[in-house]
Amino acid sequence: MDPLKLLSRATKPSKSRLPAGLSNSPSQGAQASKDVNPRKRKRGEGVTDGSNDNVFGLEFFHHNAAGASQPFRNASRQSKVSQDGSEGLAAKPETALSAELPNSTTLDGEAKAVLNRHKVKITWLNPGVLSQKDSRNCSAKRKPAKPALYPHPLHSIGDLQPRFDISRKLASNLDEQGYVAPTEVQLATLPLLLDRTDSFLPRSLDATESGPYGLDMLTVAPTGSGKTLAFLVPLVHKARHQRRTKVVGDNGQAKAIILAPTKELVSQIVNEGRKLTQGTGVRVVQLRKGMRLIARNDSDRGTVAAAADAPSSGVRTIVRADILVSTPGLLHAMLRDDEISSADLVNVSSLILDEADVLLDPLFREQTLSTWDNLNNPELRVSLWSATMGSNIEELTRSTLERRLKRLREQHGLQVEEAPLIRVVVGLKDSAVSNVQHRLVYAATEQGKLMALRQLLHPTSTSKDIGPSLLPPFLVFTQTIERAIALHSELLYDIPAEAGGISRIAVLHADLSDTARDSVMTRFRKGEIWVLITTDLLSRGVDFRGVNGVVNYDIPTSSAAYVHRVGRTGRAGRVGGVAVTLYSREDMPYMKHVANVVAIAQKQQVRADGGVDNQQWLLDTLPKLSKQEKEKFKKGGIESRTARGKDADPKSARRARISSKSGYVRRAENNRRSAIIGNRQRAPLTVDGGDEIDFVGFD
Ligand SMILES: Nc1ncnc2c1ncn2[C@@H]1O[C@H](COP(=O)(O)OP(=O)(O)OP(=O)(O)O)[C@@H](O)[C@H]1O
């Protein structure tokens with residue numbers, strides 16, 4: 001059998017491992033419409049007519065208490081009939097559609113039941129749309145309650161066109177990509193972001209307070225649950241609408257900005273965006289050095305380049321970008337150096353922060369906020385997306401929104417309305433995917449970790465203690481770039497030549513050139529690389545479809561880092577992935593956060609498939625870190641594994657070195673080497689005349 005095929009077998013979709021209640025739940029990792037309907041990429045086959053009960057989305061509404069899903073299926077049929085019957089009638093806003101249905105109270109109740117069942121919680125965070133002054137004077141008790149909202153969920157991707165009037169081209173691109181049923185985050189957020197009437201807001205509070213079209217939003221949904229599509233579809237829809245209606249005097253200026261923390265993620269978002277925008281006239285562009293964005297009064301249209309071909313030669317080409325995607329660092333630098341001005345961004349009415357908690361972490365905070373501050377469009381709407389989001393991010397978002405509003409009103413004299421701020425949480429907040437097997441493996445020492453990793457690499461010799469064997473392709477995470485490089489050289493010859501040898505294993509980190517990074521990513525995606533050693537650079541957002549496993553060679557420095565690292569497997573509901581965390585004596589004081597998040601994921605599994613939750617003892621015995629210690633660890637990791645640690649404590653740093661040789665063997669080798677060098681350097685002793693004498697030692 002072809003070893004490549006054997007080793008790169010992808011994780012298999014399986015519903016049997018999950019209980020009925022969860023089997024269709026994307027946030028529980030079982031949303032695998034592409035797997036359930038393996039029709040992806042077959043043109044035209046993904047269309048649902050709303051009457052097909054086998055279609056995933058409808059099935060998952062159908063799974064509930066008998067009859068409960070009926071009104072939705074009616075709604076679906078009705079909209080489809082209109083679509084088929086008449087072009088004009090096809091495009092119906094949600095409210096119009098709801099009005100046609102027999103009983104809107106039933107519909108509201110149904111919406112609530114569906115959202116609850118899928119563990120989607122939607123909260124309006126600023127119902128009173130309080131002024132800054134009022135909110136400061138308010139005692140906690142007097143603050144208005146934050147109401148839960150129950151927008152009517154989207155029950156099939158095919159319904160986007162009739163329900164929200166998205167362009168036919170966008171709808172057909174979605175269909176061509178094989179998207180049939182929405183994932184949970186999509187079924188909840190797409191109606192929120194696409195409904196131009198904000199009809200989901202409670203009657204008593206909506207309309208005047210909601211201001212112009214759209215909301216600010218914070219979304220927390222599991223890794224691999226389809227957040228990219230959830231923010232891209234409304235952006236493309238809105239950008240196309242702006243282009244067609246010329247509501248903003250469109251002259252090709254940017255209308256939306258997406259920020260993401262790494263170049264890899266930026267380029268992935270651009271790729272997804274381009275697939276959705278084909279034939280729509282909307283351009284999704286990756287910002288690059290030397291690019292010049294089209295400005296309001298750019299008369300020289302002749303020099304406007306096709307957005308897809310970014311300039312790389314140093315010549316500043318004017319680029320037309322409707323949706324601009326960038327890392328915060330690059331956009332911030334270009335704004336600072338006046339390569340882009342806030343006037344170029346005056347039409348930007350949507351800002352997306354993907355992996356928002358990282359973008360607002362101290363590392364990127366200044367750059368992200370400075371970009372946000374440069375967007376002066378009074379109708380700007382911001383949405384933040386991640387699988388993990390601390391309460392500090394919510395606070396920071398609120399204060400930034402308030403500050404910006406005040407600035408626009410006071411400095412620019414603009415009449416700006418505060419938009420509704422909505423929080424959407426899917427599933428259990430900040431938890432790791434429960435559709436992969438999580439294993440914590442104690443390896444005692446650095447060498448033990450290396451041996452354990454080798455056992456994982458060679459499935460035939462995998463010991464039972466390490467748990468299920470890992471099938472390539474898989475990712476290995478280390479704490480630093482140096483350690484990633486060292487581990488790569490250590491494992492370079494571990495894959496036999498007949499299976500591809502050293503070409504099957506690679507390292508990717510931020511010190512590599514862009515071209516080298518791109519090439520590794522492409523080869524890994526193609527399945528040419530089986531083991532990719534990397535740092536946290538790849539822990540966020542990157543979507544490798546067939547990744548079977550993740551190995552934390554070095555423990556992650558926070559529970560959020562664990563959630564994101566292991567979230568590179570088990571994406572879009574695939575089961576069979578494995579996440580192994582190796583830990584040594586040195587890691588013990590810092591393991592609690594990992595053990596906690598693993599315990600929660602395992603508990604969900606126990607509930608789901610009756611698996612065994614056998615590491616409670618570990619949780620009980622591990623020490624708890626103080627808040628300061630946690631912060632310190634998050635910033636620096638295990639000190640002996642860093643360059644700083646080498647100077648501070650060379651002995652521990654030596655112990656932490658990645659090498660298969662034991663300290664004893666290394667010492668013996670060093671002694672031998674020094675003896676040889678010493679022998680060579682020892683010159684014969686001579687007297688003045690040059691004659692050699694015998695050295696008889698010191699007195
Ligand atoms: N409705 C859908 N049906 C089937 N597959 C989908 C659907 N939506 C998205 N996917 C697929 O799910 C995978 C994960 O999506 P995506 O990268 O958007 O996840 P994410 O939520 O952004 O994850 P992360 O938090 O890791 O960034 C992708 O391969 C995407 O094509």
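## A tour of two sheets and a ligand site

Start by selecting strand E13 (residues 474-477) and strand E16 (residues 549-552): the two run parallel and are joined by four bridges. Keep in mind as you click around that this is a predicted model. For a single pair to label, pick Val476 and then Val551, its bridge partner in E16.

Now widen the selection to the whole sheet. Six strands make it up, in the order E12-E17-E16-E13-E15-E14, and the sheet is open with parallel pairing. Colour strand E12 (437-444) and strand E14 (505-508) next; these are the edge strands, and each pairs on one side only. If you look along the sheet, the twist from one strand to the next averages 20°.

Next stop: the other sheet. Select E1-E11-E2-E10-E9-E3-E8-E4, which is the order of the eight strands in this open sheet, where the pairing is mixed. Which strands stand at the edges? Those are strand E1 (120-124) and strand E4 (284-286); each has a single partner strand, so one side of each has no neighbour in the sheet. Here the twist averages 15° from one strand to the next.

While you're there, pick out strand E2 (residues 216-220) and strand E10 (residues 381-386), a pair that runs in the parallel sense over four bridges. Label Met217 too, and you'll find its bridge partner in E10 is Ser383.

Time for the ligand. Show the residues around it and you should get 21, the closest being Ala181, Gly224, Lys227, Thr228 and Asp543. Colour that shell by residue class: five are nonpolar, nine polar and seven charged. Then colour by domain, and you'll see at least three shell residues from domain 1 (26-64 + 87-426) and at least three from domain 2 (437-655).

Zoom in on the oxygen atoms of the ligand and check a few distances:

- Gly224: a backbone N or O atom lies 2.7 Å from a ligand oxygen.
- Ser225: a polar backbone atom is 3.1 Å from an oxygen atom of the ligand.
- Arg571: this time go to the side chain, where an N or O atom is 2.8 Å from a ligand oxygen.

Switch on a surface before you leave. How much of the ligand's accessible area does the protein cover? On its own the ligand has 640 Å², and the protein covers 97% of that.

For the last selection, take helix H2 (33-36) and helix H12 (227-245), the elements that give two or more residues to the shell around the ligand.

Technical notes. Residues are numbered from 1 along each chain as its sequence is written. This is a predicted model: local features need pLDDT of at least 70, side-chain atom pairs count only at pLDDT 80 or more; totals for chains, interfaces and linings use all residues. Side-chain values use heavy atoms; hydrogens and water are left out. A residue is near a molecule or strand if one of its heavy atoms lies within 4 Å of it. A polar contact is a pair of N or O atoms within 3.5 Å; within protein, one must be able to donate a hydrogen and the other to accept it, and residues adjacent in sequence count only if both atoms are side-chain atoms. Accessible areas come from the Shrake-Rupley method with a 1.4 Å probe; for residues, only the protein chains shown count as cover. Ala, Val, Leu, Ile, Met, Phe, Trp, Tyr, Cys and Pro count as nonpolar, Asp, Glu, Lys and Arg as charged, and the others, Gly among them, as polar. Domain bounds come from an automatic or database domain assignment. Two strands pair if DSSP finds at least two bridges between them. Axes are lines fitted to C-alpha atoms, for helices over the stretch in contact, and angles run from 0 to 180 degrees between N-to-C directions.
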